[in-house]
Each structure stands twice: as C-alpha cells, then as structure tokens.
Amino acid sequence: MDFYQHVFAGNPLDRGEVERRDEDWIAARATDPDSRFLPMRGPHVLVNTAATGNGEPALGWVGWKDLEPHVTNPSPLLLGMLDGTTYFAIDLGRDEPAAVAVEAMGGYRFEEARAAAETVLSATEAGIMAQGRAQVNWHNRHGFCSVCGHATEIRRGGQKRECPVCKAEHFPRTDPVIIMLVSDGDRCLLGQSRGRLQAMNRYSALAGFMDQGEAIEEAVAREVMEEAGIRVKRVRYHSSQPWPFPSSLMIGCHAEADSTSINMDDEEMTDVQWFDRSEVLLALQEKSEKLRLPGPIAIAHHLIRAWAHQEV
C-alpha cells in the first residue's frame, strides 16, 4: 500500500463483510478444525514461542479442538479470512481454567499486547492483534443496551451487538485522537502530559481527543491552544495509526506556530517546551542527556522524526 504505515496497521485479513451476514456460516467456521483462534486475556495476548521456527515468538494461534475441552462459554469474534483459513479472537479473561490450560500446552505464554507488538510480533501480526484486542475490549464494555438496558447479543461475528428487546443495534466505536507536532523554524513544541509515569526528560507531541462537530484542523488548533497557549497555522496531515488501548485512531499532523509564548495548562500538562532541531536529532539517536522521545511503536516518534529530518 502506498502510504505511511505504522505499528498496528497492516492487517492482511479480509474482514468478510459478505460472510458476516450469514450467522450459520460463522457458526460453522467457529467449529471448523482448520479455523484458528487467538486467545486474549485482559491486556494480554497469547504468543507461540516456537511458531517461526527460529525461536522468535509469534501470535499463539490454536485450533478449536485445543480450546473446546477448556472453554466454558465460548464467544469467538470473527477477525477475517486469509488464504482459505478463517481467524477468530477469543476472550479468556473471565475463564481462568481455560487460560491456564492454553498456556500449559507447551511453547505458549500470555504477553502484554503492547510489549508483544513492540518486541516480538511482525507488522502484520501486530495489525491482527490490534483488531482482536480492540474488539474484545469493546464487547467486554458493551454487554448491555444503551437504549433500554437489556443484555445484548453478538451478531455478525462480533461486528455488532443487538438488543433482543428493543432491537437497537450497537457497533464498535473508534475514538479519533489528534496528535500534532508544532514547529517554529528549527524548534518544535513537545510536552509532558499529567498523569503519565514518565522520566523527567521524556517528552512527546501534544495530543487530545476530537470533539463532536469538529474538523481535524480545528481540533489541532484547539488542543495546542488549550495545552500550550500557542496559536497554529498551516495544519498538514501526515499519517494515522490504530491504537487499540483501548480503541483509538491517532491522526497525526504537523502545524506551524503562529505564536511562540507558552502558556501551559498545568492541570493537563506537567511541562511544555520548545526544543532545537539539533537536540531532537540527538534524542532520536538516544544520545541526548536532556531529552527522551517516544519509541518507534508510537506515531509521535515518526512525526518528530519527519520534522527533524526536514521531510515535511
């Protein structure tokens, strides 16, 4: 694909829009011995330490025959298809015996999802895992109808939940978050958000959730003004990143400063500073004693890198 692709994008599965319309087809695939299931447990995902043949971990896909003896209330979520195989995610977060049994099969372990994506999973596996984690999280949080309060039921392989009483349909949501690097010539604006456990010298791009009825450009301008008291101009889109913690879409932008005097919101931020390009370049090489930046798993890293190397 001809666009900037971050970690958690690159999911190769066909999500099966047509197939999802057939509940019988989904049920048959869910018990097909050739279908594969990805167990998840809270913020953790199953990895197979020997799957790649060279000792490198990969996603821990298992068959239904391995799960059936242990799972007490199966509700697999259809992820999609690839090369004739159907793939599901299954939540074992509330099924402790099943989770223990799966991990005891040999060569498997549950690993924190973000750490797995950062250290052991391929780009395509991280994309699949992101879809599964976001879906599992949404279903765990939306078991009841927001219209009448009745328990809802999974439909279309997990693509929606439906209320059997009032017939309301509920679909998984993605929360749009704008994240922007503001620059002023050879300086860029970086901050520390309050409430995050960060080293004293760790800074990142400013970010915030979009409001209803708001354009991306408007959200960028509002957030930068709210957090740093800086006016911006020339907002330019860079790239986006799915962020399944729990279910955001990071919309990355660059913007130019139209004012430079910082007036920080100290309820949201612990610090906001201008940093010279030379210092940022050192930090990208992990050679700066004054500045630490987010790692390559985060879109903020790539926004900062593109500006530092004058690629925008």
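## Helix packing and nonpolar cores in a predicted model

Helix H7, residues 277-284, packs against helix H8, residues 299-308, at an angle of about 130°, and their axes lie 10 Å apart; axes here are lines fitted to C-alpha atoms, for helices over the stretch in contact, and angles run from 0 to 180 degrees between N-to-C directions. The two helices are therefore oblique to each other, given that angles under 35 degrees count as roughly parallel, over 145 as roughly antiparallel, 65 to 115 as roughly perpendicular and the rest as oblique. The contact (heavy atoms within 4.5 Å) is made on the H7 side by Arg-277, Val-280, Leu-281 and Leu-284, and on the H8 side by His-301, Ile-304, Arg-305, Trp-307 and Ala-308.

This is a predicted model, in which local features need pLDDT of at least 70 and side-chain atom pairs count only at pLDDT 80 or more, while totals for chains, interfaces and linings use all residues. Residues are numbered from 1 along each chain as its sequence is written, and side-chain values use heavy atoms, with hydrogens and water left out.

The protein has eight helices and 15 strands, taken as DSSP runs numbered from the N terminus (helices H or I, at least four residues; strands E, at least two). Of its 312 residues, 48% count as buried, where buried means under 20% relative accessible area, exposed over 50% and partly exposed in between, with a 1.4 Å probe and protein chains only.

Two of the nonpolar cores, each a set of buried Ala, Val, Leu, Ile, Met, Phe, Trp, Tyr and Cys residues joined through side-chain atoms within 4.5 Å, are set out below.

| Core | Residues in core | Named members |
|---|---|---|
| Largest nonpolar core | 45 residues | Val-45, Met-129, Leu-190 and Val-280, those with the most contacts inside it |
| Another core, apart from the largest | 19 residues | Leu-206, Ala-219, Val-224 and Ile-251 among them |

H8 gives the most to the largest core, with six residues. Leaving aside neighbours within four places in sequence, Val-45 is in contact with ten residues' worth of surroundings that include Leu-38, Leu-59, Phe-110, Ala-116 and Met-129.

Asn-11 lies in the segment before helix H1 (23-30), and with a relative accessible area of 18% this residue is buried. Not counting residues up to four places away in sequence, Asn-11 touches Thr-124, Gly-127, Ile-128 and Gln-131, whereas its C-alpha atom is separated by 37 Å from that of Ile-230, 219 residues apart along the chain.
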